[in-house]
Amino acid sequence: MPPPVPPAATSNRRSRWTRRLLFAIVLLLAVGAFHGWLLTGLASCLVFEDPPAPTAAVLLLDGDRQFDTAARLYREGRRTILVYRSRPDRLVRMGVLPQGDELARRELSKRGVSNEDVVVLAGELNSKSVIAAAVGNWLREHPEQTASVLCDRFTSRVWKLNLQWPADPGVTERVRIVAIPNRRFNETNWWQSKPGLLAFANGFLRYGFHACQMKNKDSAFVERTPAEFRAAFTGDVTP
Amino acid sequence: MKSVILRRCTRRRLLAVICLAAVLIVYLLRFTILTCLGQWLNVGQRLDEPVDAVMVLGGGALTRPFVAVEILRAGLARKILISRPELSDENRDGLIPSELEIMRQIVLRSGIATDSIVLMTTVVDSTEREAQVAAEYLKNHPAERLAIVTNDYHTRRTRWLFKRTCGSNFERLVFISAPTDDFDGSNWWRYESGLILYVDEYLKLAKTLIR
């Protein structure tokens, strides 16, 4: 039979739990009162932006209204707009969607950018790390150039991570990241809309993925075949 | 007093060992666990009997309409219903065509006749809304059976939502899993888009369960 617990020990335990409960309540109240500040701070972790500085080229990666921003920078004196070409997917091959670099040329031309000033980076670039490597190569081939990199605000730190990995410090210093805000949300209100919530969650997932995958090779691209589309409803897995 | 403290320390040490062991087991079995999590989302069925129409859900123009086209080519359906997702900012800015137009073009360029294509009129912004549109369709076409085509990772939530919305008409639905380019349930975590789609799907699934 276990020895009876002394009354002092019981009262100590009770007061310890009371203290814990009080602490939890105070913590919850503080989180409630400062939630805006806390959520803004969390989203700020996803954003990386270099201080504005004049550069000779603009690189288009992603981001809301990126063509408007690129055209504005072009009017302000940047003479080269860099775009990249991805591997054409089946919608591009069918002619349903334009190739990304063709779309960029079309939209930039509409905004007054001369076609001669748009340069396509060499190769078919399908992942962030490959794009970053191509940017590094281009900067090494053009040692006099500096580039403003336009990217989505909540993806900017992921791009920073990728751009600094393959490049040598001399190249990294010549890249200035311009984080473009989305028209619907920013760090101070992302939790009020569905696109904002998704961008926030996906921003952290992306960052985690790239931070872990940095030293690994990119996974292979696999395009599904018509036989696999048929197998989706016949259950026949043999191609 | 000493024995109480000693007992508490031993209990804490035991708890720490159990936690460490659990973490180690999860780490060693991580690929099996991730594969199970990925494959659990896929509840696609075979299409053993012909249906009257195939409904293509919005959000996966790269593969979903191609499966629908193959179903029509195999003679297992007569028409394709294309859902009408709300316009994105890129559509409104005139950068790319709407998803409805993209899907329509895919189906047309795959050789399917125009009269086999039905463009839904209700604008949808979620799978739940698409389920409501399907429920309405089944109510207005009481003799028809529908095949719902969506991506493999999306079939479980779709099934839940359609079951909740369509009631007794749910029996007239078959769910088809369209494969996704690059990854599937067995390797989704190795791809950036796979990780995002599968984790988002679990978050949305949790939201569906709570509501």
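**Sheet, cores and chain contact in a predicted two-chain model**

In chain A, strand 2 (residues 80-85) and strand 3 run parallel and are joined by four bridges. One of these links involves A:R85, whose bridge partner in strand 3 of chain A is A:E124. The model described here is predicted, and this pair of strands is a good place to start reading it.

The two strands belong to an open sheet of five strands in chain A, ordered 3-2-1-4-5 and paired in parallel. Strand 3 (118-124) and strand 5 (175-180) of chain A stand at the edges with a single partner strand each, so one side of each has no neighbour in the sheet. From one strand to the next, the twist averages 25 degrees.

Helices of chain A lie across this sheet. Helix 5 of chain A crosses over strand 1 (57-60), strand 2 and strand 3 of chain A, and runs at about 150 degrees to strand 2 of chain A. Helix 6 (residues 128-141) of chain A lies across strand 1, strand 2, strand 3 and strand 4 (147-152) of chain A, at about 125 degrees to strand 3 of chain A.

Helix 5 of chain A also takes part in the contact between the chains. That contact draws 29 residues from chain A and 32 residues from chain B. On the side of chain A that touches chain B, helix 4 (90-94), helix 5 (100-110), helix 9 (194-213) and helix 10 (226-234) of chain A each supply at least two residues. Helix 10 of chain A gives the most, with seven residues. By character, the residues on this side of chain A comprise 15 nonpolar, four polar and 10 charged.

Turning to the interior, nonpolar side chains tend to be buried together in soluble globular proteins. The largest nonpolar core here has 46 residues, of which B:V54, B:M55, B:V67, B:A147, B:I148, B:V149 and B:I176 touch the most other members. Helix 3 (residues 64-73) of chain B provides the largest share of this core, six residues. Another core, of 36 residues, lies apart from it and includes A:L61, A:I81, A:L139 and A:V178. Leaving aside residues up to four places away in sequence, B:I148 touches B:M55, B:L57, B:A134, B:T158, B:F162, B:L173, B:F175 and B:I176.

Helix 3 of chain B also packs with helix 5 (residues 99-109) of chain B, at an angle of about 35 degrees and with the axes 10 Å apart. The crossing of these two helices of chain B is right-handed. Here B:P65, B:F66 and B:V69 of helix 3 meet B:M103, B:I106 and B:V107 of helix 5. The residues of this contact are six nonpolar, with no polar and no charged ones.

How values were computed:
Residues numbered from 1 in each chain as written. Chains lettered and ligands numbered in written order. Predicted model: local features only at pLDDT ≥ 70, side-chain atom pairs only at ≥ 80, totals over all residues. Contact = placed C-beta atoms within 7 Å. Nonpolar A, V, L, I, M, F, W, Y, C, P; charged D, E, K, R; others polar. Core = buried A, V, L, I, M, F, W, Y, C linked by C-beta atoms within 7 Å. Buried ≥ 20, exposed ≤ 12 C-beta atoms within 10 Å, placed from the backbone. Pairing = 2+ DSSP bridges. Axes fitted to C-alpha atoms, helices over the stretch in contact; angles between N-to-C directions. Left-handed = near helix turned anticlockwise from the far one by under 90°.
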